[in-house]
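Me: I am new to this structure and would like a close look at a single part of it, the aromatic rings. Please take me through them slowly and in connected prose.

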Amino acid sequence: MCSAVIDACGKRGDIGMAEKLLQEMQQDAKLQPDVFTYTVLMDAYGKAGELKKMWNLFGDVKKTKRQLQSVVPYSVVIKACMKNGAVDDGTYTSFIFTFF
């Protein structure tokens, strides 16, 4: 449920509300977001052009979840980089080589 609301905020471009919902989910409701929830937020960041936030979240998730069990988070990152013209960025290139 929380992931769907965060996704709706991201699609509206309301990143602030999406971040607030994630924080409330963790602190007030004592719920632990899963990789899907984080992927939804990464997608929202990518659509809003907030690549630095997207990269930071991706790195945090990768560290804490040890391994991402799905290709979806990786696809979200690649799509966001392409959309925002960041494919020539050194971070993107090292990401691709790390993934493959």
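Reply: What follows looks at the aromatic rings, after a few words on the model itself.

This is a predicted model, in which local features need pLDDT of at least 70 and side-chain atom pairs count only at pLDDT 80 or more, while totals for chains, interfaces and linings use all residues. Residues are numbered from 1 along each chain as its sequence is written, and side-chain values use heavy atoms, with hydrogens and water left out. The pLDDT is the predictor's confidence in each residue, from 0 to 100; for the protein chain its mean is 83, and 83% of the residues reach 70 or more. Among the elements of the chain, the highest mean pLDDT, 93, belongs to helix 2 (residues 15–27), and the lowest, 58, to helix 6 (residues 90–99). Helices here are DSSP runs (H or I, at least four residues), as are strands (E, at least two), and they are numbered from the N terminus.

A pair of aromatic rings is described by the distance of the centres and the angle of the planes. Rings of Phe, Tyr and Trp (for Trp its six-membered ring) pair if their centres lie within 6.5 Å, and the planes count as stacked when under 30 degrees apart, as edge-to-face when over 60, and as tilted for the rest. By this rule the count comes to two aromatic pairs. One of them joins tryptophan 55 to phenylalanine 58, edge-to-face, with 6.4 Å from centre to centre and 85 degrees between the planes. These two residues are separated by about one helical turn, because they stand three residues apart in helix 4 (residues 51–64). Tryptophan 55 and phenylalanine 58 are both buried, where buried means under 20% relative accessible area, exposed over 50%, and partly exposed in between (1.4 Å probe, protein chains only).

Phenylalanine 58 also pairs with tyrosine 74, again edge-to-face, at 5.4 Å centre to centre and with 75 degrees between the planes. Here phenylalanine 58 lies in helix 4 whereas tyrosine 74 lies in helix 5 (residues 72–83), so this pair ties together parts that are 16 residues apart in sequence. Both phenylalanine 58 and tyrosine 74 are buried. Taken together, Trp55, Phe58 and Tyr74 form one aromatic cluster.
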